[in-house]
Amino acid sequence: MNKMEHITVVYFSPTGGTRKACLNLAMEMGKKVKDVDLCSLEGEYSFGPEDTVIVGVPVFGGRIPGYAAEKLTYLKGGGAVALTAAVYGNRAFEDALLELDDCLKAQGFRIGAGTALLAEHSMVRDVAAGRPDNQDRKEMADFGARILEKLEEEGWQEPQVPGNRPYRDWKQMPVIPLTNASCISCGLCAARCPVQAIPVSNPSSTDQARCILCMRCISVCPVKARSLPEQACAMLEQKLSPVRDIRRENELFL
């Protein structure tokens with residue numbers, strides 16, 4: 001039995017959707033909530049067997065981002081219960097939830113539940129637009145109650161989640177965000193880039209070797225000076241058009 005007094009929410013959330021989805025679940029569980037941005041971790045962050053942790057990452061091409069996987073090694077589970085969340089923008093989560101569970105088990109966590117949650121697509125914002133929304137929030141109340149009920153049971157078992165090993169191959173698109181003449185060189189994009197792909201001395205440029213296409217720089221720019229190349233946007237819109245108007249459902253694995 002897990003004597004839960006508070007929940008720690010740990011996330012990689014470049015454009016805010018993953019954080020929002022995970023906090024919705026945490027708050028609906030009726031416990032005190034602490035949130036930890038993986039980007040802020042510079043060393044080990046340890047938990048113990050009495051801790052409950054929601055760990056959420058966005059899905060990149062059916063996988064978890066390599067940057068997030070690396071940062072997850074900073075977490076030391078110590079027998080803590082992890083509630084995992086693969087957050088995706090309406091296409092598919094494929095192997096991401098399984099990969100996330102595997103990463104956390106390797107760090108000493110016990111997996112109490114897995115979730116596949118919806119959030120607005122970070123590259124094509126009118127796909128899953130506005131999610132998570134009020135309907136999602138209500139659903140998180142149900143998910144939270146079911147998770148708490150399970151964790152009250154003696155001898156609960158870890159869930160079986162969808163996915164395949166080896167995980168699917170995925171390669172990042174060979175593009176980087178571009179900067180237009182509206183750029184005011186405020187440096188916010190450089191300061192917020194999780195992989196330091198934008199030089200502080202020249203924030204209108206991007207190092208393609210470092211960029212992980214997380215879209216944070218585009219999201220935080222106060223004058224909308226950053227965007228993906230038009231050709232890349234057109235390709236993405238065409239690829240995602242079959243799922244543009246579909247309302248995917250959040251999924252819970254107990």
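**Salt bridges between the domains**

I began with charged pairs, and across the interface of domain 1 and domain 2 the rule finds 0 salt bridges. I kept in mind that this is a predicted model.

I then tried polar contacts across that interface, and here the rule finds 2 residue pairs, both at pLDDT 80 or more. I also sorted the residues on the side of domain 1 that touches domain 2: 6 are nonpolar, 3 are polar and 1 is charged.

**Where the domains are**

Next I looked up the bounds. The domain assignment gives residues 4-164 to domain 1 and residues 176-232 to domain 2. I noted that 10 residues from domain 1 and 9 residues from domain 2 take part in the contact. Their C-alpha centres are 27 Å apart.

**How much area is buried**

How much area is buried between domain 1 and domain 2? I found about 830 Å², with carbon and sulfur atoms giving 66% of that area. On the domain 1 side, I wrote down three names: Pro-14, Tyr-67 and Met-123 lose the most area to domain 2. Together these three make up 50% of what that side buries.

**Cavities**

My last search covered the whole structure, and it finds 3 cavities of 30 Å³ or more. I looked into two of them.

I started with the largest cavity, which has a volume of about 110 Å³. Which residues lie nearest its centre? I found Cys-183, Cys-186, Cys-189, Cys-221 and Pro-222 there, out of 15 lining residues. Sorted by class, the lining of this largest cavity has 11 nonpolar, 3 polar and 1 charged residues.

I moved on to the second largest cavity, with a volume of about 90 Å³. I counted 15 residues in its lining as well. Nearest the centre of this second largest cavity are Cys-193, Ile-198, Cys-211, Cys-214 and Cys-217. By class, I have 12 nonpolar, 1 polar and 2 charged residues for the lining of the second largest cavity.

**Note to self**

I can pick out Cys-183 and Cys-186 by the largest cavity, then Cys-193 and Cys-211 by the second largest.

How values were computed:
Residues are numbered from 1 along each chain as its sequence is written. This is a predicted model: local features need pLDDT of at least 70, side-chain atom pairs count only at pLDDT 80 or more; totals for chains, interfaces and linings use all residues. Side-chain values use heavy atoms; hydrogens and water are left out. Domain bounds come from an automatic or database domain assignment. Contact means heavy atoms within 4.5 Å. Buried area is the accessible area (1.4 Å probe) that two parts lose on being put together, summed over both. A salt bridge is a side-chain nitrogen of Lys or Arg within 4 Å of a carboxyl oxygen of Asp or Glu. A polar contact is a pair of N or O atoms within 3.5 Å; within protein, one must be able to donate a hydrogen and the other to accept it, and residues adjacent in sequence count only if both atoms are side-chain atoms. Ala, Val, Leu, Ile, Met, Phe, Trp, Tyr, Cys and Pro count as nonpolar, Asp, Glu, Lys and Arg as charged, and the others, Gly among them, as polar. On a 1 Å grid over the protein atoms alone, a cavity is a set of points where a 1.4 Å probe fits but cannot get out, and a pocket is an open set with protein on both sides within 12 Å along at least five of seven lines; lining residues have an atom within 4 Å of a point. Grid points are joined across faces, edges and corners, and a volume is the space filled by probe spheres set on the points.
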